[in-house]
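Colleague: I would like a close look at one part of a model, with some words on the whole chain around it. Please keep it plain.

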Amino acid sequence: MGDRNSITSTAPGQTGDSLNPGSPVALDASKLKITLAQTLKPLQPIETLRFGQTFSDHMVVATHDPEKGWSAPELKPYGPITLDPQCSCFQYGGNVFEGMKAYLGPDGKARLFRPDMNMRRLEKSCARLALPPIDGDAVLELIKRLVDVDKRWIPKESGYSLYIRPTVIGTRPGLGLTPSDHAMLYVIASPTGPYFAKPISLLAVSENVRAWPGGTGGHKVASNYSPGFLPQRTAVEKGYDQILWLFGDDRRVTEAGVMNFFVVVKRDDEDGVDLITAPLDGTILPGVTRASCLALASDPEFHQEISMRLHPQEMVYTMSDLAKWSSEGKLLEALAIGTVAIVGPCDRIGYEGKDIVIPGDGLGPILDIQEGRTEWKGWGVVCA
């Protein structure tokens, strides 16, 4: 905790379209206005951290107006925002977000894990909800500045990080049923530790679905999440940690809770194992950790690192397939994969009154790359 004077600075740069001075202004990270907090909050002991309940000293905010475009972004002390109750984000759910983490490497530098993928997904999510377009590269520069300013909030211990939540909400005033041409971008950050302390159990559910063809399941929009709260609560009441979402009459396996889902299956030809996940058919979120696991699994260099041959498979598979692989002793691992959980092992799946019990303890190399202990393909991006 400490006191310091409020400091406001503006980075040099240009905004607007120099060829079209009257056109709406694009988001410009070089115009960032910085006002530092006069008093810093005390850091919490890491053992008391709970996901998304403690926030760093600062946040980034910018707003979009249909005539002026994006405002100069501000990095300022964390605090409430003020919105009109008629804003479209409250009425029609025009909200998108990303989930990212900053890790502190052994060299003391803060790193983001493949942030360009998050930014491309943020741009696509905004487009899917007809929100004003946003430049993900500019957002990434703002995130780097926030991480650099609030670096002290990144725990040094392995498995801990600074979770970053860039969010874009529609702020068009009025109740008319039309896309929002007003918007607000804000970025907040929260120190966090391991999300799952032990392997998780899943309840396979088909009477509710997380996503459907032609919907928004392949985008990170807020309306994908709240409909899952009731089935999740039911799963907990039945003694399970999360939902395994099934789809269709054939009970296709899709995702686990809000995470991508993988299984590791022994091959009949004994040439290593298959790493299987559902294909990106529009109902599956294109997760950054998902893509990274598939890339590692297809890389011969990685096979040498782990002394195992992996065969990544993006394919449709069903609960009947899972039950068959389990009964034959081929189902070696089940993994819930995402930014928050990283790679979390699942030890049992409840389905039609019975449990499929699964061995295995997850794959660890992803965390080594994220925390900077292993350099791999330029995936770790230093913030400073």
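How far apart are the mean positions of the 39 positive and 46 negative charges of the chain? After that, please look closely at Thr-289 and say where it is found.

Modeller: The two mean positions are 3 Å apart, with Lys and Arg counted as positive, Asp and Glu as negative, and His and the chain ends not counted. Each charge is placed at NZ of Lys, CZ of Arg, CG of Asp or CD of Glu. This is a predicted model, where local features need pLDDT of at least 70, side-chain atom pairs count only at pLDDT 80 or more, and totals for chains, interfaces and linings use all residues. Residues are numbered from 1 along each chain as its sequence is written, and side-chain values use heavy atoms, leaving out hydrogens and water.

Now to the part itself. Thr-289 sits in helix 5, which covers residues 288-297; helices here are DSSP runs of H or I with at least four residues, strands are runs of E with at least two, and both are numbered from the N terminus. That helix belongs to a chain with eight helices and 20 strands.

Thr-289 counts as buried because its relative accessibility is 3%, and buried means under 20% with a 1.4 Å probe and protein chains only. In the chain, 50% of the 384 residues are buried too.

Leaving aside residues up to four places away in sequence, Thr-289 touches Ile-337, Gly-338, Thr-339, Ile-342 and Ile-366, a contact being heavy atoms within 4.5 Å. Across the chain, 70% of the contacts between residues at least 6 apart in sequence join residues at least 24 apart.
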